[in-house]
Structures are given as C-alpha cells and as structure tokens.
Amino acid sequence: MNRRDWKFLVPLDSRDLSRLAILLDVDGTLLDIAPTPQQVQVPGSLPQTLARVRGRVGGALALVSGRPIAELDAFFAPLRLPAIGGHGAEMRPVADGAILDGRALPLDPAFKQRLKAIAAGYSGVVVEDKGYSLALHYRQAPKQGLGVVHEVKRAFDAWANNSFELLAGKAVLEIKFAGFNKGTAVRDLMTYSPFSGRAPIFIGDDRTDEDAFAVMSDFNGQAMSVGRKFPGIEDYFNAPADVRRWLERLSEGQPEGLAVLS
Ligand SMILES: [Mg+2]
C-alpha cells in the first residue's frame, strides 16, 4: 500500500483518537491465511502492537472473527481484547469480562454427523466443530472443493431449516445460526463502553465481513477491506502485512501513521 492509499474518510482530528474504535477481523486481515486454521502464525510483536493501539484508542479495539473467542485468546495471549466470536455466536464486550454465549441455537447433532460424513469422503477437508456451528475447510483439497461445496449445499437445502444459513468463505463452508451475523454483532458491541459514541473502523477480507462493512455508515464509521476491493468500499490494504504495518504506525504515533486519520 502506498501513501496515496492512506487517506481516511473518518472526520477525526489527527491527534484525537478518543472518538475512534478499531474493529478487526482476524484471519486474512490481521493474520495471513494458512493451509489449515490451526496453522496460522501470529507474528511475535503483534500482541504488543495491539496492546499499544488499544491504549491509543482508549480501549476501543476489538476482534471480530468467525473463530471461537477462546482461540483468539490463545493466539494473542497474554493479551485479551473485547471480541466477537463465531460470527456473533459469542460476544465479550469487556476484555476481562465473561463471554456472552447462548446467542445461537445449537446445530442439530444429526445434521452435524451428515456434514462430517460428507467431509470424510474428501481427503484434505478439515472439519471444525465449534459446537454452535460447523465449518468445513477445503483449502488443502482445492480440486475437490467444487464437489464438497455441491454436496454440502445439497444436504443443506434438503435439511430445509430456515433458522440456519450456509456461509461460503475463502475455501470454507460454515453452517451457522441465521439469527445474527458480523453486522448485527458489531451493532451490539457498539452499544457497550468504550465503543459507544465512537466512529468505528472495521477491517475485513471476506464475504462474511460484508455484513459488518454495511453497518459502518450507521455509526459514521468506515469500512476497509484487505486483498481486494469490495463494492462501495474505497479503501483497502493489499495484504494482512499492510494492516499490521498500519497498526504499528498507529501504535507508535508516528506522524505518518496519524496523518492517515486526518
Ligand atoms: Mg477473514
């Protein structure tokens, strides 16, 4: 990303971050995508960078992920941040507070078994059972991806349960409760201190992030994407490394880093 891309639409004084909240997707935004979800690498300096950014925005820094919050905590330990997990199935509005779960209907065990049986027919497909949802990752089986997608879609349609939805992300399918998404979860989070009343910046890279992109304007906030342009979103980072660099500059209060907020 070059400097020309570092323009910012949020109307903030360059030295006043007290009106800003930063909301970050994790995989593909903060961290590079790995062959399997468990193989992602967290750069050693990243937790400290995030801690400093949190300090600069008065605590209004949150992770917004499809992963369970316990996994996010493990990645960034000892840092704990306010977080949305499972696309909204879990929420922890206060870093040291409890995880509010029970927001999702549990996925029917018999249908889970059906999905696991489909996955077992394809070598390289990784099943991630989050309890309240099930994800099938086929990054390691790209040639069989179409077959997996087709079979899962057919099974999902035959199941005909309107309380759930089938999400298609980057080499992943996920069946989750339809009553929330990253957008509704971000709306909820924005009602809690210190987020409420601030202008959020949400950075994300995948289709499921579009729900959160869509609510930014309601909070006078800004959406930024990673890896590609999304419809209606001007600003984007080329890669997670650029997001991390931007956060570093923000954390250090380098003039150039703050300039993007002018
Ligand atoms: Mg992502």
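**Exercise 1. State which helix holds Glu252, and decide whether Glu252 is buried, partly exposed or exposed.**

Solution. Glu252 belongs to helix H7, which covers residues 240-252. The structure is a predicted model, and the next step is a count of C-beta atoms. Around Glu252 there are 15 other C-beta atoms within 10 Å. A buried residue needs 20 or more, and an exposed one has 12 or fewer. Glu252 is therefore partly exposed. As for its place relative to Lys153, the two residues are 99 positions apart in sequence, and their C-alpha atoms are 47 Å apart in space.

**Exercise 2. Describe the overall build of the protein chain, and compare its radius of gyration with the globule rule.**

Solution. Begin with the secondary structure: the protein chain has 8 helices and 11 strands. Its radius of gyration is 18 Å, close to the 18 Å that the globule rule gives for 262 residues, so the chain is as compact as a globular protein of that length. Along the principal axes, the C-alpha atoms fill a box of roughly 55 × 35 × 35 Å. Of the 262 residues, 38% count as buried. Finally, take the contacts with a separation of 6 or more: 56% of them join residues 24 or more positions apart.

**Exercise 3. Work out which strands stand at the edges of the 7-stranded open sheet, and what packs on the sheet by S3 and S4.**

Solution. Write down the strand order, which is S4-S3-S2-S1-S9-S10-S11, with mixed pairing. The ends of this order are strand S4 (90-92) and strand S11 (236-237); each has a single partner strand, so one side of each is left without a neighbour in the sheet. Now look at the S4 end. Strand S3 (residues 83-85) runs antiparallel to S4 and is joined to it by 3 bridges. One residue pair to find is Ile84 and its bridge partner in S4, Met91. Helix H2 (residues 69-76) packs on the sheet and touches strand S2 (61-64), S3 and S4. The direction of H2 makes about 130° with that of S3.

**Exercise 4. Locate the largest nonpolar core with respect to the domains, and list the contacts of Ala62.**

Solution. The core has 62 residues, and those touching the most other members are Ile22, Leu23, Ala62, Val64, Leu136, Val186 and Phe202. Strand S1 (residues 20-24) gives the most to the core, with 5 residues. Domain 1 (19-102 + 180-259) and domain 2 (109-177) both contribute residues, so the core lies between them. For Ala62, set aside neighbours within four places in sequence; the contacts are then Leu23, Leu81, Pro82, Ala83, Ile84 and Leu189.

Note on methods. Residues numbered from 1 in each chain as written. Predicted model: local features only at pLDDT ≥ 70, side-chain atom pairs only at ≥ 80, totals over all residues. Core = buried A, V, L, I, M, F, W, Y, C linked by C-beta atoms within 7 Å. Helix = DSSP H or I, 4+ residues; strand = E, 2+ residues; numbered from the N terminus. Domains from an automatic or database assignment. Contact = placed C-beta atoms within 7 Å. Rg over C-alpha atoms; globule rule 2.2 N^0.38 Å. Pairing = 2+ DSSP bridges. Axes fitted to C-alpha atoms, helices over the stretch in contact; angles between N-to-C directions.
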